[in-house]
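This report concerns side-chain contacts, namely salt bridges and aromatic pairing, in a single structure. The sequence and the model are shown below.

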Amino acid sequence: MSLISWLRWNEAPSRLSSRSPAEMVLETLMMELTGQMREAERQQRERSNVVRKVCTGVDYSWLASTPRPTYDLSLSERLQLEDVCIKIHPSYCGPAILRFRQLLEEQEPEVQEVSRLFRSVLQEVLERTKQEEEAHKLTRQWSLRPRGSLATFKTRARISPFASDIRTISEDVERDTPPPPLRSWSMPEFRAPKAD
């Protein structure tokens, strides 16, 4: 046996698929739906067998062969679901499948209800992507918005710290004191303490 077939490190890597990501998402989601519908049908059959066994007291399950799936999507429903699946971004494919499985586990729906549940999960994912795109767009707009400089702030609002309508304690004190005598600018101002 030759080891050359095992050591293919010198060959160029082959492309996995020439399909687009949207097609792969579509195929993955539709395969998940088909598999979950088969599983729901199997569970429904088991439940009916258990009920029949309890009612009749006889178990003929060893005699019966596994029936073929009886429920299938209508062509229009399948096309509508495929149309919704193609809109799902590849990064949301896994979370959509997880959410779908979680709802199936919680609700244990009949086979006919599985496609409706699948559609609701897809709509939920599309709404979430839409909300995230809007939020991303808003943050992009916010980050690209021109910033106002201090010069434009000065022209819009004049700040005058000494012209205030708020009454302070120091204003009341200054108003009650007599004005100081005029002095020359070269001499410091000294005030003698008042004798009461």
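In this predicted model, Arg78 has a relative accessible area of 30%, which lies between the limits of 20% for buried and 50% for exposed, and therefore Arg78 is classed as partly exposed. Glu82, with a relative accessible area of 22%, is likewise partly exposed. The side chains of Arg78 and Glu82 form a salt bridge, with 3.5 Å from N to O. Both residues belong to helix α2, which comprises residues 75-86. Because Arg78 and Glu82 are four residues apart in this helix, about one helical turn separates them.

A salt bridge is also found within helix α1, which spans residues 21-56. Here Arg42 pairs with Glu46, and the closest N and O atoms are 2.3 Å apart. Arg42 and Glu46 are four residues apart, about one turn of the helix. Arg42 is partly exposed at 32% relative accessibility, and Glu46 is partly exposed with a relative accessible area of 42%.

Arg47, another residue of helix α1, forms a salt bridge with Glu108, which lies in the loop between α3 and α4. The N to O distance for Arg47 and Glu108 is 3.8 Å. This pair links distant parts of the chain, its members being 61 residues apart. Arg47 is partly exposed, at 31% relative accessibility.

The salt bridges described above are listed here, with their distances.

| Residues | N to O distance |
|---|---|
| Arg42 and Glu46 | 2.3 Å |
| Arg47 and Glu108 | 3.8 Å |
| Arg78 and Glu82 | 3.5 Å |

The count of salt bridges in the model comes to eight, including the three pairs in the table.

Aromatic pairing is considered next. How many aromatic pairs does the count give? The count comes to one aromatic pair. This pair is formed by Phe100 and Phe118, with 4.9 Å from centre to centre and 70 degrees between the planes. Since planes over 60 degrees apart count as edge-to-face, the arrangement of Phe100 and Phe118 is edge-to-face. Phe100 is located in helix α3 (residues 93-107), whereas Phe118 is located in helix α4 (residues 111-144). The two residues are 18 apart and link distant parts of the chain. Phe100 and Phe118 are both buried.

Technical notes
Residues are numbered from 1 along each chain as its sequence is written. This is a predicted model: local features need pLDDT of at least 70, side-chain atom pairs count only at pLDDT 80 or more; totals for chains, interfaces and linings use all residues. Side-chain values use heavy atoms; hydrogens and water are left out. Rings of Phe, Tyr and Trp (its six-membered ring) pair if their centres lie within 6.5 Å; planes under 30 degrees apart count as stacked, over 60 as edge-to-face and the rest as tilted. Buried means under 20% relative accessible area, exposed over 50%, partly exposed in between (1.4 Å probe, protein chains only). A salt bridge is a side-chain nitrogen of Lys or Arg within 4 Å of a carboxyl oxygen of Asp or Glu.
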